[in-house]
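This report goes through selected parts of a protein structure for a reader who has not met it before. The sequence and the structure are shown here.

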Amino acid sequence: MKALIYHGPGERTWESAPDPSIIDPTDAIVRIDTSTICGTDLHILKGDLPEVKPGTILGHEAVGTVVEIGAGVTTIAVGDRVLVSCISSCGRCRFCKEGKYGLCSGGGGWIFGYMIDGLQAEYARVPFADTSVYKVPEGLGDEQVLFLADILPTAYEVGVLSGRVEPGDTVAIVGAGPIGLAAIMTAKLHTPSRIVAIDLADARLEKALEFGADLTINNGNEDAVAKVMELTGGLGADVAIEAVGVPDTFELCTELIRPGGRVANVGVHGKCVALHREKLWIRDVTITMGLVDARTTPQLLKLIESGRLDPTPFATHHFALGETEKAYDTFSAAAETHALKVVLQAVPVENGKAHRSDELTRIPPLLPA
Ligand SMILES: NC(=O)c1ccc[n+]([C@@H]2O[C@H](COP(=O)([O-])OP(=O)(O)OC[C@H]3O[C@@H](n4cnc5c(N)ncnc54)[C@H](O)[C@@H]3O)[C@@H](O)[C@H]2O)c1
Ligand SMILES: [Zn+2]
Ligand SMILES: [Zn+2]
């Protein structure tokens, strides 16, 4: 098969790799029909996650078709279309039993494209298939469910739910990349009175309005704290969601929050971040952080199925799976290309067998089977 292989900082190529095979009886082999690239893949390529070994296939988000199952897999069958999430669950450890799949200590958690070979490939080995993949409801296309593999549950769980967004709240979302936009989309499920998007890039702020923000602040040329105070009668936002991952934006969240408010940190921080307890201690501010568990995936899937949630506007660019290198170029130059999520597509299945993605240059979106 072909796959996108990480060869150390700055180095990645679409090249031949051994076909994956069943190792544990709880594994399934999935043919990847649709995949995508995450900002975290770019962090890996920058060398920010040195624990990723050169030779690893990248990618942790995909929709595919089961082509083989291990002897211990009982709820998934060959031919099933499944969403493969960024988080796997062993289903047996104490954390999985509490629904904290991101913390799985039985070999799951975030493993794809990190600890084991990932999903930017023609085929992938999927451990703990019974407890980790989600069957795609009939009638839904790959692109409708693909973003459930990471950005939607991440923004919803680590941002909206941890921040306890309630009806009537003023929610400030700092960072309007895919995660911040997904936080806007899913915060609306809780009917806040106002969503304020804050970013340095005007193009991203325009997107924020399209995704449902009520107003925007460019903190490069406006005083975001003063503006939020003005909007809220001098109190501050009820909830602030940090969706960037740098010290400045975390501090901004702690400055624009009201007394008793909630700061939900979603961003992955690579540097030490100051926590001004000398100012915060008396204000009863709750601060949360964490890795996504993907425990809300079934819930979000129901909303997509019923037409109440439509994540397809995230898909700004489409490529054939064989063009994954080009897709990386487009995705990593988001400031110029305005990419949000790039969709990587294998060819539609014909007679139960997919054509090789390198046979084609450009293909139309996959239709639901
Ligand atoms: N906690 C989790 O489980 C989890 C999962 C996935 C991603 N993440 C993290 O979420 C964060 C956001 O991801 P993304 O894919 O949307 O990233 P992104 O880089 O695409 O978007 C970040 C946005 O922040 C804006 N920005 C940068 N500096 C800013 C500043 N000083 N003030 C205001 N805005 C600023 C950028 O213009 C951009 O629009 C990343 O740190 C990512 O690693 C966390
Ligand atoms: Zn990701
Ligand atoms: Zn577990």
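The buried residues of helix H7 pack against helix H6, strands S11 and S12, and helix H13 (334–337). This is a predicted model. The residues of H7 (residues 202–210) that are buried are Arg204, Leu205 and Ala208. Because their arc around the axis covers only 100°, they sit on the same side of H7. Glu206 and Glu210, on the other side of H7, are exposed. Just after H7 comes glycine 212, which takes a positive phi of about 120°.

**The sheet around S11**

H7 belongs to a right-handed β-α-β unit, together with S11 and S12. A right-handed β-α-β unit is also made by S10, helix H6 (residues 178–187) and S11. Strand S11 thus takes part in a unit with H6 and in a unit with H7.

The strands belong to an open sheet of six, in the order S12-S11-S10-S13-S14-S15, with parallel pairing. Its edge strands, each pairing on one side only, are S12 and strand S15 (286–289). From one strand to the next, the twist averages 20°. H7 packs on this sheet, where it touches S11 and S12, and its direction makes about 165° with that of S12. Helix H8 (residues 224–231) lies across S11, S12 and strand S13 (237–242), and runs at about 155° to S12.

Strand S10 (residues 170–174) and S11 run parallel and are joined by five bridges. S11 and strand S12 (residues 215–218) also run parallel, with four bridges between them. Some of the bridge partners are listed below.

| Residue | Bridge partner | Strand of the partner |
|---|---|---|
| threonine 170 | arginine 194 | S11 |
| valine 171 | isoleucine 195 | S11 |
| valine 196 | leucine 215 | S12 |

How many of the six residues of strand S11 (residues 194–199) are buried? Five of them are, so the strand is largely enclosed by the rest of the structure.

**Threonine 170 and asparagine 265**

Threonine 170 lies in strand S10. Its relative accessible area is 5%, and a residue counts as buried under 20%, so threonine 170 is buried. Leaving aside residues up to four places away in sequence, threonine 170 touches Ser193, Arg194, Val196, Thr232, Ala237, Asp238 and Val239. Among these contacts is Arg194, the bridge partner of threonine 170 in S11.

Asparagine 265 is found in strand S14 (residues 257–265). Is asparagine 265 buried or exposed? With a relative accessibility of 6%, asparagine 265 counts as buried. The residues that asparagine 265 touches, not counting those up to four places away in sequence, are Val158, Glu242, Phe250, Thr288, Met289 and Gly290. Asparagine 265 and alanine 155 are 110 residues apart in sequence, while their C-alpha atoms are 9.9 Å apart in space.

**Helix H11**

Helix H11 (residues 297–305) has four residues to consider here: Thr297, Leu300, Leu301 and Ile304 are buried. They cover an arc of only 105° around the axis, so they lie on the same side of H11. The buried residues of H11 pack against strand S5 (81–84), strand S9 (133–135), and helices H4, H5 and H6. Glycine 307, just after H11, takes a positive phi of about 80°.

**The zinc ion**

Which protein donors does the zinc ion (ligand 2) have? They are Cys38 (SG), His60 (NE2) and Asp150 (OD), which lie 1.7 to 2.2 Å from the ion. Along the chain, these donors follow the spacing C-x21-H-x89-D. Histidine 60 lies in the loop between helix H1 (39–46) and strand S4 (62–69), and aspartate 150 in the loop between helix H4 (142–145) and helix H5 (151–161), so the pair ties together parts that are 90 residues apart in sequence. Both histidine 60 and aspartate 150 are buried. The helices H4 and H5 that flank the loop of aspartate 150 are also among the elements against which the buried residues of H11 pack.

Technical notes: Residues are numbered from 1 along each chain as its sequence is written. Chains are lettered from A and ligands numbered from 1 in the order in which they are written. This is a predicted model: local features need pLDDT of at least 70, side-chain atom pairs count only at pLDDT 80 or more; totals for chains, interfaces and linings use all residues. Side-chain values use heavy atoms; hydrogens and water are left out. Buried means under 20% relative accessible area, exposed over 50%, partly exposed in between (1.4 Å probe, protein chains only). Helices (H or I, at least four residues) and strands (E, at least two) are DSSP runs, numbered from the N terminus. Two strands pair if DSSP finds at least two bridges between them. A crossover is right-handed if, with the strands pointing away from the viewer, the path from the first strand over the helix to the second runs clockwise. Donors are N, O and S atoms within 2.8 Å of the metal (3.2 Å for Na, K and Ca); water is not among the atoms, so sites may look incomplete. Axes are lines fitted to C-alpha atoms, for helices over the stretch in contact, and angles run from 0 to 180 degrees between N-to-C directions. Contact means heavy atoms within 4.5 Å. The arc is that of the directions from the helix axis to the C-beta atoms.
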